[in-house]
Amino acid sequence: MTKVKIGKARASYVNVFHAKGVEGAEPKYSISLIIPKENKALVAQIEQAIKNAFDYGKTTLGANAKLEKIKTPLRDGDEERPEDEAYKNAYFINASCKTKPGVSVFKGTKIVDGKKQNIIEALDDEEEMYSGCFVYASVNFYAYNTSGNKGIAAGLNNVLKVADGEPLGGRISAEADFYDMDIPEEAPADDDMF
């Protein structure tokens with residue numbers, strides 16, 4: 001009741017292959033999931049899971065804790081990142097974990113015993129999972145109370161890439177940079193270049 005399969009979401013700040021940490025903090029794997037506000041059913045499901053995590057975590061949070069007064073992971077992109085076009089008209093969730101999440105890619109469907117089944121393959125190519133692609137992510141919400149900070153966090157379980165998208169952060173593909181460039185048929189000899 002605290003676990004949600006979030007998607008289709010746009011991935012940002014993708015860090016699912018190597019754990020990283022801020023100075024003094026334990027390294028973690030992480031991803032930011034950008035969720036369109038128009039996906040009201042998914043937003044409602046996330047809000048319910050956050051409420052469930054709050055209810056389950058009352059002993060951690062303290063008897064006087066109120067959901068509307070603590071930090072929650074569902075954040076408003078229009079309010080917190082108004083200058084970033086990728087977060088316009090969207091919510092976002094930063095999910096993280098200490099152990100490497102499962103990272104896979106959707107390859108289509110097949111019929112097994114008369115039932116449709118997804119074809120999922122492990123994804124090891126780090127360039128294939130990037131900020132801007134579209135994913136589904138399995139996230140578990142839980143309560144925390146650390147050094148006076150109380151709230152609900154999003155624990156990352158698994159990530160499934162389902163589609164490519166325009167890379168975020170200003171970088172474009174080599175194909176987009178060079179597809180219409182006039183390149184001579186024969187490359188010049190090394191000594192002709194200088």
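This tour moves through a predicted model, from one strand and its partners to a loop and then to a surface patch.

**The strand β1**

Begin by selecting residues 3-20, the strand β1. Next, add residues 134-146, which make up strand β7. The two strands run antiparallel and are joined by 7 bridges. To view one of these pairings, select Ala9 together with Val135, its bridge partner in β7.

Now add residues 28-36, the strand β2. Here too the pairing with β1 is antiparallel, with 5 bridges between the strands. Select Arg10 and then Ile34: Ile34 is the residue of β2 that Arg10 stands opposite. When following side chains along these strands, one general point is useful: in a regular strand, side chains alternate between the two faces of the sheet.

**The loop between β1 and β2**

Proceed to Gly24, which is located in the loop connecting β1 to β2. Is Gly24 buried or exposed? Its relative accessibility is 85%, and Gly24 therefore counts as exposed, the cut-off being over 50%.

With Gly24 still selected, add Ile111 and display the C-alpha to C-alpha distance. The two residues are separated by 87 residues in sequence and by 50 Å in space.

**The segment after α4**

Select residues 174-178, the helix α4, and continue into the segment after this helix, where Met181 lies. Met181 counts as partly exposed because its relative accessibility is 48%.

Finally, select Phe178 and Ile183 along with Met181 and show the surface. These three residues form a nonpolar patch there. Together they have about 320 Å² of accessible area.

Technical notes:
Residues are numbered from 1 along each chain as its sequence is written. This is a predicted model: local features need pLDDT of at least 70, side-chain atom pairs count only at pLDDT 80 or more; totals for chains, interfaces and linings use all residues. Side-chain values use heavy atoms; hydrogens and water are left out. Patches are made of residues with over 30% relative accessible area and no salt bridge: like charges are joined within 9 Å, nonpolar side chains (Val, Leu, Ile, Met, Phe, Trp, Tyr) within 5 Å. Accessible areas come from the Shrake-Rupley method with a 1.4 Å probe; for residues, only the protein chains shown count as cover. A salt bridge is a side-chain nitrogen of Lys or Arg within 4 Å of a carboxyl oxygen of Asp or Glu. Helices (H or I, at least four residues) and strands (E, at least two) are DSSP runs, numbered from the N terminus. Buried means under 20% relative accessible area, exposed over 50%, partly exposed in between (1.4 Å probe, protein chains only). Two strands pair if DSSP finds at least two bridges between them.
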